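Me: Please take a close look at one buried acidic residue and its surroundings. Then work outward to the other side-chain links in the chain.

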Amino acid sequence: MQFQLGRQRRHKSWKHSLLCTLTLVLSWGTAMPATFAAETVTIRLGPFQQSVAIADLEKFAKTGNLPDNLQIFSAILTPQIRELLTKRLEINPAVADKFVAELKQNPAGKQFISSLSAIIPGSSAESLQATLNLALRQVNGLSALGFLRAYPQQNVTVDASQAVSVALELNPNYWQSQLFGAVLSRQETAKNSTLLPTKFNPATPGKQTVQQQTLTLQDRQRNRSIPVDVYWSHGNAQNPMVVISHGFGANRQFLRYLAHHLASYGITVAAIEHPGSNVTAISRASNQANLKRLLPATEFIDRPKDISFALNELAKLDKQPGQLQGKLNTNQVTVIGHSLGGYTALALLGAEVDLQQLRQFCNNSLGIGQSAGDWLQCAATSLPEQKLQLKDERVKSAIALNPMIGDLFDQKALSRVKKPVLILTGTEDPITPALKHQITPFSQLGGEKYLLSAVGGTHLSISDPTYQSSDTTTIVKERQGEQTKALRQLLQGVSLAFIKQQTPEAKTYQPFLTSAYAQSFSTSNLPLSLISELPANLKPWVKGERG
């Protein structure tokens, strides 16, 4: 999934600034007990200054009714703001100390605390850390109002102009993901004794000459024209076939380097372009400002069906005279999907979408503080179905790269997936934050599974270096190109080893599905890890994150 957003205007009315300030911590919700020092918050914007009782804000958050002394803010304290004030960041109190400790050590965490210092004039890093530590220990979770209540002064002054500049960064799922990644990185550092083969590395290019052909498949029943790039060589025709599903707003060239690499080892790859959610479709959309409407709801059904239809057509082509005859093993398929393509891959593998659960989240919990992926998934709620079952028995395994999972699949749906799955997560991905969209779902899968983590990786870190997304300026900072070369090399090797587990060569490739192999590519700037089970001391981080 790829969001290209314009630059935000920095000049806002004082009301808009005040709104941003009141929702400063965005999705931190239920208030903590009123036993802490702070009782009022003073909102400062240039020469304008107004004090508000925290208790009155709590009453508004609880009842929706504005006390008399808050009527002046009636244009600002809308139901949407009340929704934000009732959000919470749930952290197991048992790991509160670890959370704050990681915040102090993580570079992004240090920047976050520095931003808070500017927003709350007169505060220090120490006082903010102590406030966070105290607020995190509450059973009901960390909230905006709870944070203010925990601040060790009777009145908290908030600088609205400073708050506006950092408001978009305060996504709690994003911060949890970053801190989890830092813990995981240190947990996995050089702890195993696996000996890697010295004469063979699946990340290096294969020996086969790769050929490429573009097909256009016409699904007349659904009125969809589906472009497909097929990569093949003269390797073993009994290798599994790979289908690549791009993310939201991308195209079939997004993972071209990976397709070429796999084909050089004799694996035929079909990179599909989904016409309803590719870059062309998104650029023509009439609701570009509304993520819930930017994606047609039917795409959650049509994307998996695109792949099933393509497999039907390629199966016919496999039997016809020509260059591709005998090279399309459509009965044994691994789907590799990025972002929305990750959803597509898991749906084909058998994960059932519970639309009733999704509607509950989108109606009750969706707010400004949620990630772009959380908003985008809610496009599916207008579908009339209660469940979506899109399984294709020909799909034997899946590689989900920065997948958008969120609330599409619940714990029961994921536990029923018994086929092999490899998930890639980037801890600095604000689009589909790692903890909610990848790490917790990984812990819930019921079969053979692997979690490849890039500490510092972003949503587009594994994209082809030559891939051109858009000329539009993006507000999301991405680590791509030369910065993430080691990650792409590791992905090449791990993907090949994962796919080869379905072949007689499985034992040869097994050493490359280990932590030792991931660490051989790891750098101080981009720590990499590969695990098949969350370490026991990290499991509390995902407890209660999803149902």
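Reply: E273 has a relative accessible area of 8%, which is under the 20% cut-off, so E273 counts as buried. This is a predicted model, and every value here is computed from it.

Start with where the residue sits. E273 belongs to the loop between β7 and α11. Set aside the neighbours within four places in sequence. The contacts of E273 are then I226, P227, H246, N251, R252 and N278. Another part of the chain can be placed by backbone position: the C-alpha atoms of E273 and D229 are 8.6 Å apart, with the two positions 44 residues apart along the chain.

Two of these surroundings involve polar side-chain atoms. One is N278: its side chain makes a polar contact with the side chain of E273, at 3.0 Å. The other is R252. R252 and E273 form a salt bridge, with 2.8 Å between the closest N and O atoms. R252 lies in the loop between β6 (241-245) and α10 (256-263), and E273 in the loop between β7 (269-272) and α11 (279-284), so the salt bridge ties together parts that are 21 residues apart in sequence. Both ends are out of the open: R252 is buried, and E273 is too.

Side chains of opposite charge can pair when their charged atoms come close. The count for this structure is 18 salt bridges. Two further examples follow.

E393 and K419 meet through their side chains in a salt bridge, at 3.7 Å from N to O. E393 is in the loop between β10 (387-388) and β11 (395-401), while K419 is in the loop between α17 (411-415) and β12 (421-426), so this pair ties together parts 26 residues apart in sequence.

D407 and K436 form a salt bridge as well, at 3.0 Å from N to O. This pair links distant parts of the chain, since D407 is in the loop between β11 and α17 and K436 is in helix α18, 29 residues apart. D407 and K436 are both buried. Elsewhere, salt bridges with shared partners join D219, R222, R224, E299, D302 and D306 into one network.

K436 leads to its helix. Helix α18 spans residues 434-444, and 10 of its 11 residues are buried, so the helix is largely enclosed by the rest of the structure. The buried set is A434, L435, K436, H437, Q438, I439, T440, P441, F442 and Q444. F442, one of that set, also has a charge over its ring. The charged end of K449 sits there, 4.9 Å from the ring centre.

Now the rings. The structure holds 8 aromatic pairs. In one of them, the rings of F512 and Y517 have centres 5.0 Å apart and planes at 80 degrees, so the pair is edge-to-face. F512 and Y517 are both buried. Y517 also pairs with F521, again edge-to-face, at 5.2 Å centre to centre and 80 degrees between the planes. Y517 and F521 are both buried. Ring pairs link F200, Y509, F512, Y517 and F521 into a cluster.

One covalent link remains. A disulfide is a covalent bond between the sulfur atoms of two cysteines. The structure holds 1 disulfide. C362 and C378 form it, with their sulfur atoms 1.9 Å apart. The link is left-handed, at -90 degrees about the S-S bond. C362 is in helix α15 (residues 355-364) and C378 is in the loop between α16 (372-377) and β10; the pair links distant parts of the chain, 16 residues apart. C362 and C378 are both buried.

Last, the overall setting. The protein has 22 helices and 14 strands. Of its 547 residues, 59% are buried. Take the contacts between residues at least 6 apart in sequence: 79% of them join residues at least 24 apart.

Back to the starting point. E273 is buried, bridges to R252 and makes a polar contact with N278.

Terms used: Residues numbered from 1 in each chain as written. Predicted model: local features only at pLDDT ≥ 70, side-chain atom pairs only at ≥ 80, totals over all residues. Heavy atoms only, no water. Buried < 20%, exposed > 50% of the residue type's maximum accessible area, 1.4 Å probe, protein only. Helix = DSSP H or I, 4+ residues; strand = E, 2+ residues; numbered from the N terminus. Salt bridge = Lys/Arg side-chain N within 4 Å of Asp/Glu carboxyl O. Phe/Tyr/Trp six-rings, centres within 6.5 Å; stacked < 30°, edge-to-face > 60°. Lys NZ or Arg CZ within 6 Å of the ring centre and 35° of its normal. Contact = heavy atoms within 4.5 Å. Polar contact = N/O pair within 3.5 Å; in protein donor to acceptor, adjacent residues only side chain to side chain. Disulfide = S-S within 2.5 Å.
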